[in-house]
Amino acid sequence: MKFKKNATYILLLIIIILVIAFVLFLRYNISAPEDTEKEIVLYFSDSGANNLVAEKRKVSTKNLYKNTLEELIKGPRKEGLNRTIPEGVEVLNIKLLDGILRINFNESLQKNHWGGSTGETMTVYSIVNTMTQFVEIDYVEFIIEDKKIETLVGHMDLSRPLSRNNKIINE
Amino acid sequence: IKNDFTREIEVNQDLVKKIRTSRFDENKLRIVADLEKLTGYQLQRTEKEDSYKYNIVLKNVLEKINITEQNNYLDINFDLSGEIDYEVSRDTSKLIIDFKNLDEKINERILPEASGIIKNIDYVSLSDNNSTDRLIFELEEFNNYQVVSPESQNRINITVSRKEIRKEDHIIVIDPGHGGFDPGAIGPSGLTEKEVNLDIAIKVNDILSDSLDNIILTRETDRFVSLRRRAEIANKAEANLFVSIHVNASNKGYSSGTETYIAPQKTGKSLTLADNLQNYLVNSLDLVDRGIKSDNFYVIKFTEMPAALVEVAFISNNREENLLSSNSFIEKAAGAIAEGIVKYIEEEQ
């Protein structure tokens, strides 16, 4: 009888320890997603430059924004899609403040650009739409070599931050 | 948030098809309602001890009225949260807009102050058979009005022209894109956009000069003019319309065709202008019709008059670059742009 009672206590203790371990496990998993992978969406131009088309890819969540931009710069893997960012483009730094993501690019984004209203909107919205998939980002501001710009290649007003454009996406 | 939500709830109601949930990442959960049609929504949050209750109310209401007064016309925009039936009519100097079956009375706080040519704005709620919410704009005499609602059905756009202007008194600004150290796009065999734009613009000027007295070019030579300066030239001149001339490019050679841009916040008369330009260009050049697009472009956004930007053809496309290098094609394009402008002016009279 006494033995049976002891066994019950031990069982109860084991259950409590398991519950605590489980809670700690959950907690650790939720609060420390340090270097995990995450599926993100990149937007590239379709072959006629009429619309942007999504391509999914996995990136490391450490420096998520920079990794995402770097994948965008690499260009599409899917057949029939075109890159939207010219050769030689580098992201110098990124800053998120009050929902506005300020991206500082090197001058290649402007100098190596192929031009055209269509070319410019494809480039700009591939970046804006890709980055606003993250709910904490509402606007994207373009900076070139630390300077604010009037336009990228002579059409769009880039003097202020831009919000997402869903009309240009073909799903 | 734990992951034990019901994945999908079938609703099959008039408004809502189903409600589904999905996990976005570790600390975000998305709840999506698939609606039968475009319907407005309002979010209400109530806090009760340590729980929050979110209420989403689906209803169609008039959210915002936006009036822009230009030197010779008035642009009135109504933003609705969903699709709504409406009727516009005129009673001498009064412009009457009837909204049918709004789910909520118009909040009088959103009615703008009467100013400029608007003498008074009145709101009457008529609820006989089906409810009608009537807005009455009392204006100083006006010439005509036009309902120009763009693609999305939840915005009603009305332009009201103030007075008649004689055709030859119209001030027209033609804006050849790029120039100087900014070549614009460059074709595969080296043709530059800036020279094509200027060639077309000069021809448009030649053609229009026969019937119009006031044409201004933002540049007449190969020199750089900032976008801000271009808009400033048109605004200072109090121009009646602004047309920017460009040729297009993309990063690969497959893109082809003609398109025309307007600014999203200037739909009314700018859309009519763009329509005319695009139609004449497509009919006369016979390239792919890429349609009218609305985007945040500098010169068409910051000019205070109806404005459009044409992209005649793709200089990045071999065949179209070849066309753009021929005199006859440049003349055809200029002729079409000039015709579009004249047609617009005549329609507006």
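# Exercises on a predicted model

Of the 349 residues of chain B, 48% count as buried, where buried means under 20% relative accessible area, exposed over 50% and partly exposed in between, with a 1.4 Å probe and protein chains only. This is a predicted model, in which local features need pLDDT of at least 70 and side-chain atom pairs count only at pLDDT 80 or more, while totals for chains, interfaces and linings use all residues. Residues are numbered from 1 along each chain as its sequence is written, chains are lettered from A and ligands numbered from 1 in the order in which they are written, and side-chain values use heavy atoms, with hydrogens and water left out.

## Exercise 1: the make-up of chain B

State how many helices and strands there are in chain B, and what share of its contacts join residues at least 24 apart.

Solution. Step 1: chain B holds six helices and 19 strands; helices (H or I, at least four residues) and strands (E, at least two) are DSSP runs, numbered from the N terminus. Step 2: a contact means heavy atoms within 4.5 Å. Among contacts in chain B between residues at least 6 apart in sequence, 64% join residues at least 24 apart.

## Exercise 2: two helices of chain B

Compare the span of H1(B) with its expected value, and find what its buried residues pack against.

Solution. Step 1: the expected span is 1.5 Å times one less than the number of residues. Step 2: helix H1 (residues 193-208) of chain B has 16 residues and should span 22 Å, which agrees with the 22 Å between its end C-alpha atoms. Step 3: the buried residues of H1(B) include B:Val196, B:Leu198, B:Ile200 and B:Val204. Step 4: the partners of the buried residues are strands S14 (171-176), S15 (214-217), S16 (241-248) and S19 (307-314), with helices H5 (318-324) and H6 (327-348), of chain B.

Determine whether B:Lys269, in helix H3 of chain B, is buried or exposed.

Solution. Step 1: H3 (residues 268-285) of chain B has 18 residues and reaches 26 Å from its first C-alpha to its last, close to the 26 Å expected. Step 2: 13 of the 18 residues of H3(B) are buried, so this helix is largely enclosed by the rest of the structure. Step 3: B:Lys269 is buried, with a relative accessible area of 7%. Step 4: leaving aside neighbours within four places in sequence, B:Lys269 is in contact with B:Tyr73, B:Thr159, B:Ser161, B:Pro306, B:Tyr344 and B:Glu348. Step 5: H3(B) is followed by B:Asp286, whose phi is positive, near 60°.

## Exercise 3: a glycine in a loop

Locate B:Gly257 and list the residues that it touches.

Solution. Step 1: B:Gly257 lies in the loop between S16 and strand S17 (258-262) of chain B. Step 2: B:Gly257 is buried, with a relative accessible area of 0%. Step 3: not counting residues up to four places away in sequence, B:Gly257 touches B:Leu287, B:Val288, B:Arg290, B:Glu311, B:Val312, B:Ala313, B:Phe314 and B:Glu320. Step 4: B:Gly257 and B:Phe314 are 57 residues apart in sequence and 6.4 Å apart in space, C-alpha to C-alpha.

## Exercise 4: a residue of chain A

Name the residues that A:Ile127 touches.

Solution. Step 1: not counting residues up to four places away in sequence, A:Ile127 touches A:Leu69, A:Leu72, A:Ile85, A:Ile103, A:Phe105, A:Val140 and A:Phe142. Step 2: A:Ile127 in H4(A) is also one of the residues where H2(A) and H4(A) meet.
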